[in-house]
Amino acid sequence: MVGITMHQAAVILANLHLGLATSQWTWIHHLFLWGSMILSFAWTICFGLVQVTHKIYFVSIVTLSSKEFWSLCALISVTALLPRYSLLALRRTVCPTQIDEDQIQKRTKPRFNAAHKIDANGYNEEPKTQSSVVML
């Protein structure tokens, strides 16, 4: 039971780490990250059901259905990712690089300016000044 828990927790942790490090998601990202977790769980279940000669017959089903398994997977993931992202946040706060400052500036810059209008195609139209407006 410990081996199944550690294996599944490692798969979940690796996929969470990759998911948090990914800045732009596409359907391919979702397919491979979620697919690898589903495939890992399916393999664990199938391997436990097929190996009738060994002493692990149905152990995967019992393990995956326990509350301890799911709470350990969550606890392992949080405790493994917490130091990394805490230090990353501390480094970006205390000693930010130029890239960090640009990312912060991009996030805090207003996305909508009242003077700009968006046309039907989603592009910004230039604001009309008094000199470009024809008065009738």
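**Group meeting: a salt-bridge network and a helix pair**

Let me start with one contact. Asp100 and Arg92 meet through their side chains in a salt bridge, 3.2 Å from N to O. Keep in mind that this is a predicted model.

Asp100 has a second partner. Arg91 also forms a salt bridge with Asp100, and the closest N and O atoms there are 3.2 Å apart. How many salt bridges does a search of the whole structure find? Two. You have just heard both of them: Arg92 with Asp100, and Arg91 with Asp100.

Now the burial of the three residues. Asp100 has a relative accessible area of 4%, so Asp100 is buried. The arginines come out differently. Arg91 has a relative accessible area of 35%, which makes Arg91 partly exposed. Arg92 has 32%, so Arg92 is partly exposed too. Because the salt bridges share partners, Arg91, Arg92 and Asp100 are joined into one network.

Stay in this region for a moment. Pro96 sits in the loop between H4 and helix H5, and H5 covers 98-108. Is Pro96 buried or partly exposed? Partly exposed, because its relative accessibility is 29%, and the buried class stops under 20%. Beyond residues up to four places away in sequence, Pro96 touches Arg91 and Glu101. So much for the loop.

Let me step back to the whole chain. There are five helices and two strands. Along the sequence, the pattern reads α-α-α-α-α-β-β. The chain has 136 residues, and 18% of them count as buried. The exposed area is about 11,200 Å², with carbon and sulfur atoms supplying 68% of it. On contacts, take pairs at least 6 apart in sequence. Of those, 52% join residues at least 24 apart.

Next, the helix pair. Helix H1 runs over residues 2-21. Its axis and that of H2 come within 10 Å, and the two cross at roughly 175°. How do H1 and H2 run relative to each other, parallel or antiparallel? Roughly antiparallel, because the crossing angle is over 145 degrees. Who makes the contact? On the H1 side, the residues are Ile4, His7, Gln8, Val11, Ile12, Asn15, Leu18 and Gly19. On the H2 side, they are Leu33, Ser36, Met37, Ser40, Phe41 and Thr44.

Two residues from that list deserve a closer look. Take Gln8, in helix H1. Its relative accessible area is 0%, so Gln8 is buried. Setting aside neighbours within four places in sequence, Gln8 is in contact with Ser40, Phe41, Thr44 and Phe69. There is also a long sequence jump here. Gln8 and Cys73 are 65 residues apart in sequence, yet their C-alpha atoms are 7.4 Å apart in space.

From the other helix, take Thr44, which is found in H2. Thr44 has 10% relative accessibility, so Thr44 counts as buried. Leaving out residues up to four places away, Thr44 touches Ile4, His7, Gln8 and Ser60. Gln8 and Thr44 thus appear in each other's contact lists.

On to helix H4, residues 67-94. Leu81 lies in this helix. Which residues does Leu81 contact, leaving aside its neighbours within four places in sequence? They are Leu13, Leu16, His17 and Leu20. Leu81 is buried, because its relative accessible area is 11%. For His17, the separation from Leu81 is 64 residues in sequence and 7.4 Å in space, C-alpha to C-alpha.

Last stop, the surface. Leu49, Val50, Tyr57, Phe58 and Ile61 form a nonpolar patch. Together they have about 430 Å² of accessible area. Leu49 is the member to look at. Leu49 lies in helix H2, which spans residues 27-50. Its relative accessibility is 33%, so Leu49 counts as partly exposed. Patch members need over 30%.

To recap, briefly. One network joins Arg91, Arg92 and Asp100. H1 and H2 are roughly antiparallel to each other. Leu81 of H4 is in contact with residues including Leu13 and Leu20. And a nonpolar patch, with Leu49 among its members, is on the surface. That's it from me.

Definitions and conventions. Residues are numbered from 1 along each chain as its sequence is written. This is a predicted model: local features need pLDDT of at least 70, side-chain atom pairs count only at pLDDT 80 or more; totals for chains, interfaces and linings use all residues. Side-chain values use heavy atoms; hydrogens and water are left out. Patches are made of residues with over 30% relative accessible area and no salt bridge: like charges are joined within 9 Å, nonpolar side chains (Val, Leu, Ile, Met, Phe, Trp, Tyr) within 5 Å. Accessible areas come from the Shrake-Rupley method with a 1.4 Å probe; for residues, only the protein chains shown count as cover. A salt bridge is a side-chain nitrogen of Lys or Arg within 4 Å of a carboxyl oxygen of Asp or Glu. Helices (H or I, at least four residues) and strands (E, at least two) are DSSP runs, numbered from the N terminus. Buried means under 20% relative accessible area, exposed over 50%, partly exposed in between (1.4 Å probe, protein chains only). Axes are lines fitted to C-alpha atoms, for helices over the stretch in contact, and angles run from 0 to 180 degrees between N-to-C directions. Angles under 35 degrees count as roughly parallel, over 145 as roughly antiparallel, 65 to 115 as roughly perpendicular and the rest as oblique. Contact means heavy atoms within 4.5 Å.
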